[in-house]
Amino acid sequence: DKGIARDILIDMLQHTPIERFLEAMAGSLNGPKAADVNLTINLVFSDLKESYVLRVENAVLHFHRKPPVTGANATLTLTKPFFLQMMTGQAGAQALLTSGETRIGGSTIDLARFFALLDKPTGTFPIVTR
(Lines give C-alpha, C1' and ligand atoms only; values in the text may rest on other atoms or scores of the structure.)
Protein backbone atom coordinates (compact mmCIF):
# COMPACT_ATOMS: atom_id res chain seq x y z
CA ASP A 1 0.00 0.00 0.00
CA LYS A 2 1.66 3.19 -1.21
CA GLY A 3 -0.30 5.30 1.27
CA ILE A 4 1.19 3.50 4.27
CA ALA A 5 4.70 3.57 2.78
CA ARG A 6 4.34 7.30 2.14
CA ASP A 7 3.10 7.90 5.70
CA ILE A 8 6.11 6.03 7.10
CA LEU A 9 8.42 8.01 4.82
CA ILE A 10 6.85 11.33 5.85
CA ASP A 11 7.20 10.33 9.50
CA MET A 12 10.90 9.58 8.95
CA LEU A 13 11.35 12.87 7.13
CA GLN A 14 9.73 14.74 10.05
CA HIS A 15 12.83 13.84 12.06
CA THR A 16 15.29 14.81 9.33
CA PRO A 17 17.06 18.14 9.89
CA ILE A 18 16.18 20.91 7.42
CA GLU A 19 19.88 21.12 6.47
CA ARG A 20 19.67 17.66 4.83
CA PHE A 21 16.88 18.89 2.53
CA LEU A 22 18.80 22.07 1.70
CA GLU A 23 21.89 19.96 0.88
CA ALA A 24 19.73 17.91 -1.51
CA MET A 25 18.40 21.14 -3.06
CA ALA A 26 21.97 22.46 -3.47
CA GLY A 27 22.92 19.19 -5.16
CA SER A 28 20.08 19.51 -7.62
CA LEU A 29 20.83 23.09 -8.69
CA ASN A 30 21.22 23.25 -12.47
CA GLY A 31 24.66 24.90 -12.83
CA PRO A 32 24.32 26.09 -16.45
CA LYS A 33 20.82 27.52 -15.79
CA ALA A 34 22.07 29.23 -12.62
CA ALA A 35 25.27 30.60 -14.19
CA ASP A 36 24.20 34.26 -14.35
CA VAL A 37 21.63 34.18 -11.57
CA ASN A 38 22.01 35.95 -8.24
CA LEU A 39 19.10 35.29 -5.90
CA THR A 40 18.66 35.50 -2.15
CA ILE A 41 15.72 33.67 -0.59
CA ASN A 42 14.77 33.74 3.09
CA LEU A 43 13.24 30.44 4.19
CA VAL A 44 11.35 30.85 7.47
CA PHE A 45 9.82 27.89 9.31
CA SER A 46 6.96 29.34 11.33
CA ASP A 47 6.45 26.17 13.38
CA LEU A 48 10.14 25.50 14.14
CA LYS A 49 11.12 29.12 14.81
CA GLU A 50 14.08 28.52 12.47
CA SER A 51 15.14 30.44 9.42
CA TYR A 52 17.65 29.96 6.64
CA VAL A 53 19.09 32.27 4.04
CA LEU A 54 19.56 30.65 0.64
CA ARG A 55 21.80 32.36 -1.91
CA VAL A 56 22.35 31.38 -5.50
CA GLU A 57 25.55 32.89 -6.86
CA ASN A 58 28.18 31.64 -9.29
CA ALA A 59 25.94 28.66 -10.09
CA VAL A 60 26.09 27.43 -6.48
CA LEU A 61 23.36 27.31 -3.82
CA HIS A 62 24.69 28.33 -0.41
CA PHE A 63 22.55 28.22 2.73
CA HIS A 64 23.03 29.37 6.29
CA ARG A 65 20.86 29.05 9.35
CA LYS A 66 20.35 32.66 10.39
CA PRO A 67 17.66 35.32 10.65
CA PRO A 68 16.10 36.56 7.40
CA VAL A 69 18.18 39.20 5.64
CA THR A 70 16.76 42.48 4.40
CA GLY A 71 16.98 42.98 0.67
CA ALA A 72 16.29 39.33 -0.16
CA ASN A 73 14.49 38.67 -3.44
CA ALA A 74 11.78 36.76 -1.60
CA THR A 75 10.86 35.41 1.82
CA LEU A 76 8.99 32.12 2.01
CA THR A 77 7.38 31.42 5.36
CA LEU A 78 6.04 27.90 5.78
CA THR A 79 5.68 24.96 8.14
CA LYS A 80 7.97 21.93 8.12
CA PRO A 81 5.06 19.58 7.22
CA PHE A 82 4.29 21.74 4.16
CA PHE A 83 8.00 21.85 3.25
CA LEU A 84 8.06 18.03 3.43
CA GLN A 85 5.04 17.89 1.10
CA MET A 86 7.00 20.07 -1.34
CA MET A 87 10.12 17.92 -1.02
CA THR A 88 8.17 14.71 -1.64
CA GLY A 89 6.28 16.15 -4.60
CA GLN A 90 2.89 16.15 -2.84
CA ALA A 91 2.62 19.95 -2.94
CA GLY A 92 3.46 21.88 -6.08
CA ALA A 93 3.68 25.53 -7.05
CA GLN A 94 -0.10 26.02 -6.95
CA ALA A 95 -0.32 24.75 -3.37
CA LEU A 96 2.65 26.91 -2.44
CA LEU A 97 0.79 30.01 -3.60
CA THR A 98 -2.60 29.14 -2.16
CA SER A 99 -1.92 27.20 1.05
CA GLY A 100 -2.81 28.70 4.40
CA GLU A 101 0.49 27.22 5.68
CA THR A 102 2.62 29.48 3.48
CA ARG A 103 3.27 33.19 3.16
CA ILE A 104 5.37 34.79 0.44
CA GLY A 105 7.00 38.17 0.86
CA GLY A 106 8.91 40.00 -1.84
CA SER A 107 8.94 38.71 -5.41
CA THR A 108 6.83 35.63 -6.17
CA ILE A 109 8.48 35.61 -9.62
CA ASP A 110 11.98 35.42 -8.10
CA LEU A 111 10.82 32.62 -5.81
CA ALA A 112 9.52 30.74 -8.87
CA ARG A 113 12.84 31.43 -10.66
CA PHE A 114 14.67 29.92 -7.69
CA PHE A 115 12.62 26.69 -7.75
CA ALA A 116 12.99 26.53 -11.56
CA LEU A 117 16.78 26.25 -11.10
CA LEU A 118 16.40 22.94 -9.24
CA ASP A 119 16.79 20.05 -11.66
CA LYS A 120 15.44 16.95 -10.05
CA PRO A 121 11.77 16.91 -9.21
CA THR A 122 11.69 17.59 -5.49
CA GLY A 123 9.98 14.21 -5.01
CA THR A 124 13.30 12.44 -5.53
CA PHE A 125 14.74 13.25 -2.13
CA PRO A 126 17.42 10.57 -1.67
CA ILE A 127 16.49 8.45 1.31
CA VAL A 128 17.16 4.78 1.84
CA THR A 129 14.02 2.91 2.92
CA ARG A 130 15.23 -0.69 2.98
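The following exercises, each with a worked solution, concern a predicted model of a protein chain.

**Exercise 1. Overall architecture**

Determine how many helices and strands the protein chain has, and in what order the elements run.

*Solution.* Begin with the count: the secondary structure comes to six helices and five strands. Next, follow the chain from the N terminus, where the order of elements reads α-α-α-β-β-β-β-α-α-β-α. Then consider burial: of the 130 residues in the chain, 37% are buried. Finally, turn to the contacts with a separation of 6 or more: 67% of them join residues 24 or more positions apart.

**Exercise 2. The largest nonpolar core**

Identify which residues of the largest nonpolar core touch the most other members, and which elements give two or more residues to this core.

*Solution.* The core has 30 residues, and those touching the most other members are Met25, Leu43, Leu54, Val56 and Phe83. The elements that supply two or more residues are α2 (18-27), β1, β2 (50-57), β4 (74-78), α4 (80-87) and α6 (108-116). Among these, α4 provides the largest share of the core, five residues. As a last step, examine the surroundings of Leu43: beyond four places in sequence, its contacts include Leu22, Leu54, Leu76, Leu78 and Phe83.

**Exercise 3. Thr40 and Val69**

Establish whether Thr40 is buried or exposed, and describe the contacts of Thr40 and Val69.

*Solution.* First locate Thr40, which belongs to strand β1 (residues 39-45). Its relative accessible area is 12%; the limit for a buried residue is under 20%, so Thr40 is buried. The side chain of Thr40 makes a polar contact of 3.3 Å with the side chain of Arg55. Beyond four places in sequence, Thr40 touches several residues, including Val53, Arg55 and Val69.

Now take Val69, which is placed in the loop between β3 (60-65) and β4. With a relative accessible area of 21%, Val69 is partly exposed. Setting aside neighbours within four places in sequence, Val69 contacts Thr40, Asn42, Val53 and Arg55.

**Exercise 4. Salt bridges**

State how many salt bridges the whole structure contains, and explain how the partners of each are placed in the chain.

*Solution.* A search of the whole structure yields three salt bridges. Side chains of opposite charge can pair when their charged atoms come close.

- Step 1: Glu23 and Arg20 form a salt bridge with an N to O distance of 2.9 Å. Both lie in helix α2, and because they are three residues apart, about one helical turn separates them. Glu23 is partly exposed at 38% relative accessible area, and Arg20 is partly exposed at 39%.
- Step 2: Glu50 pairs with Arg65, with closest N and O atoms 3.5 Å apart. Since Glu50 is in strand β2 and Arg65 in strand β3, this pair ties together parts 15 residues apart in sequence. Glu50 counts as buried at 18% relative accessibility, whereas Arg65 counts as exposed at 52%.
- Step 3: Asp110 and Arg113 meet at 2.9 Å, N to O. They are three residues apart in helix α6, and therefore about one helical turn apart. Asp110 is buried at 15%, while Arg113 is partly exposed at 38%.

**Exercise 5. Helix α6**

Explain why the buried residues of α6 line one face of the helix, and find which residue caps its N-terminal end.

*Solution.* The buried residues in α6 are Asp110, Leu111 and Phe114. Viewed down the helix axis, the buried residues of α6 fall within an arc of 105°, and therefore they line one face. The N-terminal end of α6 is capped by Ser107, one of whose side-chain oxygens lies 3.3 Å from the backbone nitrogen of Ile109.

Conventions
Residues numbered from 1 in each chain as written. Predicted model: local features only at pLDDT ≥ 70, side-chain atom pairs only at ≥ 80, totals over all residues. Heavy atoms only, no water. Helix = DSSP H or I, 4+ residues; strand = E, 2+ residues; numbered from the N terminus. Buried < 20%, exposed > 50% of the residue type's maximum accessible area, 1.4 Å probe, protein only. Polar contact = N/O pair within 3.5 Å; in protein donor to acceptor, adjacent residues only side chain to side chain. Contact = heavy atoms within 4.5 Å. Core = buried A, V, L, I, M, F, W, Y, C linked by side-chain atoms within 4.5 Å. Arc of directions from axis to C-beta. Salt bridge = Lys/Arg side-chain N within 4 Å of Asp/Glu carboxyl O.
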